[in-house]
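Visitor: Hi, I have just opened this one and would like some help finding my way around.
Guide: Gladly; let us look at it together and take your questions as they come.

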Protein chains: 2
Amino acid sequence: MGEFELIEAICRMSDRLPKNGFEGIGDDCAVLEIGGGEALVFTADALCEGVHFLREGATAYEIGQKTLRVNLSDVASMGVRPVAVLLSLSLPDDLPQGWAEAFMVGLTEDAARYGVALIGGDTTRTTGGIHLSVTAIGRGATANLKRRRDAQKGDRILVTAPLGGSAHGLKDILAGQLDTAAAATHRLPEIEIEAGAWLGARSEVHAMMDLSDGLASDIRHILKASDTGAAIDLDRLPLDAGATIEEAAAGGEDYKLLLTASDEGCDALMRDFEAAFHRPLYLVGEITAEGLTWREKGKKVERELQGFRHF
Amino acid sequence: MGEFELIEAICRMSDRLPKNGFEGIGDDCAVLEIGGGEALVFTADALCEGVHFLREGATAYEIGQKTLRVNLSDVASMGVRPVAVLLSLSLPDDLPQGWAEAFMVGLTEDAARYGVALIGGDTTRTTGGIHLSVTAIGRGATANLKRRRDAQKGDRILVTAPLGGSAHGLKDILAGQLDTAAAATHRLPEIEIEAGAWLGARSEVHAMMDLSDGLASDIRHILKASDTGAAIDLDRLPLDAGATIEEAAAGGEDYKLLLTASDEGCDALMRDFEAAFHRPLYLVGEITAEGLTWREKGKKVERELQGFRHF
């Protein structure tokens with residue numbers, strides 16, 4: 001049973017449970033409206049040594065930062081700000097002296113940077129590798145929430161930054177080249193906390209999510225949730241530090257935002273984003289009625305692009 | 001660096017972060033008041049194969065139930081009801097066919113039993129053993145919240161059920177005796193969801209927490225948080241299935257509630273609890289000015305009792 005089959009089985013089982021006011025599995029975060037036009041959002045993600053990171057490939061400080069960032073990115077993708085995290089820290093006996101403290105310094109320095117509280121969690125021993133699990137909580141106006149299901153036919157598809165740097169960096173790290181720009185991006189992706197909250201407040205933005213498994217994989221979640229299709233222009237994908245088009249289209253762990261915006265509002269959105277952040281939004285395609293089409297120079301091309309799978 | 005030293009370092013670092021309205025680390029759960037006299041509470045706990053459970057010592061179905069219960073128990077200990085959980089499921093490649101599904105059936109059947117939503121999470125591969133991480137969310141009246149810091153000198157100390165069964169059962173399991181009553185208790189502790197909510201609504205109850213590391217360890221958290229001491233009558237500790245006094249006083253993973261109640265309200269509380277649940281509350285000692293004293297037949301005895309440590 002692969003990751004997606006297991007997730008489907010979990011979704012079926014969770015569907016039979018009470019909801020208790022929560023809008024549950026199906027988006028980057030679960031949503032709970034708490035009155036006064038406000039909502040909380042919730043997301044949980046685990047990072048395992050040997051799967052998501054290599055102990056020798058990054059410092060404990062960097063791993064602390066990355067553990068926080070990949071979770072905050074899910075909150076940003078809902079269009080609201082992260083406010084708090086819980087951390088479960090499972091550590092093996094053979095950990096070098098000082099690893100846990102350096103990890104916590106990295107995590108809490110980033111928490112301070114993003115204005116997030118550390119409100120609880122758990123520490124435990126593990127017989128395997130390091131295992132890090134974070135639950136992140138976000139808070140914002142209910143009206144600002146962006147969901148995967150809200151893409152509409154005719155929407156433009158945009159991304160907030162160049163892609164593929166993390167996938168390219170992982171190759172560098174596995175080849176022993178730890179000091180390239182791409183390797184640094186893989187170890188420590190820049191996340192879109194400010195952009196997420198800004199885009200949440202823009203009504204032109206319909207669907208939004210963060211790019212964790214790669215555009216080719218992640219866009220399918222929007223298409224499935226909103227019952228639409230997409231055409232992506234491969235030659236318009238912005239390429240990060242040394243990345244190939246394939247890495248930009250199918251590489252994982254970029255943690256940039258993927259969004260759809262109304263055709264008529266798109267120009268103003270792009271102009272205002274650039275004015276606010278001094279960097280562009282990148283137009284990479286459009287939402288269609290059905291299917292996923294790759295284009296080059298405006299013409300359909302056949303490509304088998306798959307995102308990163310955790311299983 | 002042991003577990004408690006690491007937790008202290010984490011607390012110091014988290015103290016410097018913004019609070020964003022959360023009452024953070026220091027109790028079984030973090031608290032967020034959401035208006036209308038209501039609060040949400042949050043807790044996260046991880047279970048690791050080889051540390052918290054043995055794959056051959058329990059079925060996947062039982063491990064699913066226990067994973068949920070140890071987290072819901074923390075919510076119950078705050079005096080409110082659990083409403084939702086997030087689950088991070090990290091699974092090794094060598095897992096037997098059907099393990100993940102049986103685990104999820106156990107977890108979701110218990111979620112239905114306790115009225116809890118499964119709102120999100122994460123599945124991933126791990127190179128070590130099975131790793132399970134749950135964040136539980138509770139909701140209730142702010143006025144009903146019970147905290148460790150609220151014990152008062154002169155309070156009676158009570159527990160909601162016989163103790164030591166889980167510690168005794170772990171010894172049975174490690175000795176290969178998987179089918180004793182105590183082994184069943186260790187694999188699947190009964191938790192106090194209804195009792196927790198009921199006790200939350202009683203103003204006689206001051207401090208409350210759940211017994212996860214053993215009375216001798218857990219009571220110290222209440223004493224430290226409320227700046228008090230305690231005298232515990234070892235010969236009044238209710239003993240679960242075959243447990244010794246030492247197992248009841250220092251054994252982990254009972255998941256019963258430990259509470260303090262005002263001296264003058266205690267009789268009515270005990271009478272009303274028995275009427276509501278058809279089982280007694282057990283009076284085991286009293287809150288004093290300072291120190292932790294063990295007594296037998298009303299006289300102080302010297303005992304070195306320590307709870308379970310995860311490191």
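**How the two chains meet**

Guide: Before anything else, please keep in mind that this is a predicted model; in it, 63 residues of chain A are in contact with 63 residues of chain B.

Visitor: Which surface does each copy use to meet the other?
Guide: The copies meet through the same surface, because 100% of the interface residues of chain A are also interface residues in chain B.

Visitor: And what area is buried between chain A and chain B?
Guide: It comes to about 5,200 Å², and carbon and sulfur atoms give 68% of that area.

Visitor: Which parts of chain A supply that side?
Guide: Several elements of chain A each supply at least two residues to the side that touches chain B, among them helix H1 (3–15), helix H3 (99–114) and strand S5 (117–125). Of these contributions, the one from S5(A) is the most, with nine residues. If you sort the residues of this side of chain A by kind, you find 34 nonpolar, 21 polar and eight charged.

Visitor: How many salt bridges go across the interface, then?
Guide: The rule finds zero salt bridges across the interface of chain A and chain B, although it does find 17 residue pairs in polar contact there.

Visitor: OK, new topic: how is chain A laid on chain B?
Guide: A turn of 180 degrees with a shift of 0.0 Å along the axis lays chain A on chain B, with an RMSD of 0.0 Å. That is the relation of a two-fold axis.

Visitor: Which residue of chain A comes closest to that axis?
Guide: That is Gly128(A), whose C-alpha lies 2.0 Å from the rotation axis.

Visitor: What about aromatic pairs, how many are there?
Guide: A search of the whole structure finds 11 aromatic pairs over all chains. One of them is formed by Phe42(A) and Phe42(B), and this pair is tilted, with 6.0 Å centre to centre and 35 degrees between the planes. Because Phe42(A) lies in strand S3 of chain A and Phe42(B) in strand S3 of chain B, the pair joins two chains.

Visitor: Back to salt bridges: how many does the structure hold over all chains?
Guide: There are 48 over all chains, including one in which the side chains of Arg69(B) and Asp110(B) meet at 2.5 Å, N to O. This pair links distant parts of chain B, with Arg69(B) in helix H2 and Asp110(B) in helix H3, 41 residues apart.

Note on methods
Residues numbered from 1 in each chain as written. Chains lettered and ligands numbered in written order. Predicted model: local features only at pLDDT ≥ 70, side-chain atom pairs only at ≥ 80, totals over all residues. Heavy atoms only, no water. Least-squares fit on C-alpha atoms with pLDDT ≥ 70 in both. Contact = heavy atoms within 4.5 Å. Buried area = accessible area lost by both parts, 1.4 Å probe. Salt bridge = Lys/Arg side-chain N within 4 Å of Asp/Glu carboxyl O. Polar contact = N/O pair within 3.5 Å; in protein donor to acceptor, adjacent residues only side chain to side chain. Helix = DSSP H or I, 4+ residues; strand = E, 2+ residues; numbered from the N terminus. Nonpolar A, V, L, I, M, F, W, Y, C, P; charged D, E, K, R; others polar. Phe/Tyr/Trp six-rings, centres within 6.5 Å; stacked < 30°, edge-to-face > 60°.
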